[in-house]
Amino acid sequence: MSILTDQNRSYYNLTELKTDSDNRSMASKTPVGFIGLGNMGRPMAKNLLRNGYPVIATDVFPESRKELQDLGAQVFDTPADVAEKADRILTMLPSSPNVIEVYTGANGILKKVKKGTLLIDSSTIDPAVSREMAVAAEKMGAVFMDAPVSGGVGAASLAKLTFMVGGPKEEYQAAQELLTCMGANVVYCGAVGTGQAAKICNNMLLAIGMIGTAETMNLGIRLGLDPKLLAQILNMSSGRCWSSDSYNPVPGVMEGVPSGNNYQGGFGTTLMAKDLGLAQSTATNTKTPVPLGSLAHQIYRVMCARGYANKDFSSVFQFLREEEGQ
């Protein structure tokens, strides 16, 4: 999808959802900061705009800032600039080092954060880093909550994400007000870091399930079954899972998923390998046996080294097919 088409759709949706912004007239008077306008952050920020929230945003890539600016957001160069202008800030970043830099770096949020600011991080990172950021924020008089998401780019665009929230319970309602503009489910998990814990567990299961679906589909095809028929049977049987019925990894079985677009878009293999690394680290620290999680981590790491790093994680089906000829 071209950026122009996406923008046109966004303008249409902004008009279409005007009634939502009317319902949030009080909230719309207070700007919301948003840092990280990538594949996930960009549609999330757009949904805040659609609900009547003035958005103050930044991203390391100028083209991402420009797209949101064209939709009415104010854009600035650094996270510190955003912190100076907004007292509610969301971040959506690729990894723990990015979060640390955005919050505590030379031009980070905490350099200019205002007392009482609510900081919500929707990145998927090490729970220990979330706790470190919460301590650093508290020293500056701000409140940090972790709120990683599940659902992918499609759910982000449709405001149907699931948010797993960790942080002070007394701040949950304030966070929920914003998160419901971007998601269909907002779940309070407990103290800071528990949102990340829930997300890491979910993604470990997701990876295991996707590999299992890819192996099963590949075996069925080699046994002479039509892939669409096999998927239909699986999805009415006990083997049914999200990877089989909503995100099938076999090209041609489903429309609107990465497998039908040469595995472009979606949730990258690199990010899945990163999340599985987080699961492995926490499993080691808690002395928890995760043999299938370990194997999944190894498979996705090998995929990254074999040219699949920028493809959607469902490309494990293609990887397995290619392995047949090794």
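**Confidence, a helix pair and an aromatic pair in a predicted model**

In this predicted model, residues 1-28 are a good place to begin: pLDDT stays under 50 over this stretch, for which the model has 35 contacts beyond four places in sequence. For the chain, the mean pLDDT is 91, and 90% of the residues reach 70 or more.

The UniProt record, an unreviewed entry, places the feature "domain: 6-phosphogluconate dehydrogenase NADP-binding" at residues 32-190. Over residues 32-190, helix accounts for 42% of the chain and strand for 24%, while the end C-alpha atoms lie 24 Å apart.

Aromatic rings offer another view of the model, with a count of seven aromatic pairs. One of these is formed by Tyr172 and Tyr188, a tilted pair with 5.3 Å from centre to centre and 55° between the planes. Because Tyr172 lies in helix α11 (residues 172-179) and Tyr188 in strand β9 (residues 183-190), the pair ties together parts that are 16 residues apart in sequence.

Further along the chain, attention turns to two helices. Helix α16 (residues 291-308) and helix α17 (residues 316-323) have axes that come within 11 Å and cross at roughly 80°. Since angles of 65 to 115 degrees count as roughly perpendicular, α16 is therefore roughly perpendicular to α17. On the α16 side, the residues that meet α17 are Ile299, Tyr300, Val302, Met303, Arg306 and Tyr308; their counterparts in α17 are Val316, Gln318, Phe319, Glu322 and Glu323. Sorted by class, this contact of α16 with α17 has seven nonpolar residues, one polar residue and three charged residues.

How values were computed:
Residues numbered from 1 in each chain as written. Predicted model: local features only at pLDDT ≥ 70, side-chain atom pairs only at ≥ 80, totals over all residues. Heavy atoms only, no water. pLDDT = per-residue confidence, 0-100. Contact = heavy atoms within 4.5 Å. Axes fitted to C-alpha atoms, helices over the stretch in contact; angles between N-to-C directions. Helix = DSSP H or I, 4+ residues; strand = E, 2+ residues; numbered from the N terminus. Parallel < 35°, antiparallel > 145°, perpendicular 65-115°, else oblique. Nonpolar A, V, L, I, M, F, W, Y, C, P; charged D, E, K, R; others polar. UniProt positions renumbered as here; feature names shortened; annotations may be inferred. Phe/Tyr/Trp six-rings, centres within 6.5 Å; stacked < 30°, edge-to-face > 60°.
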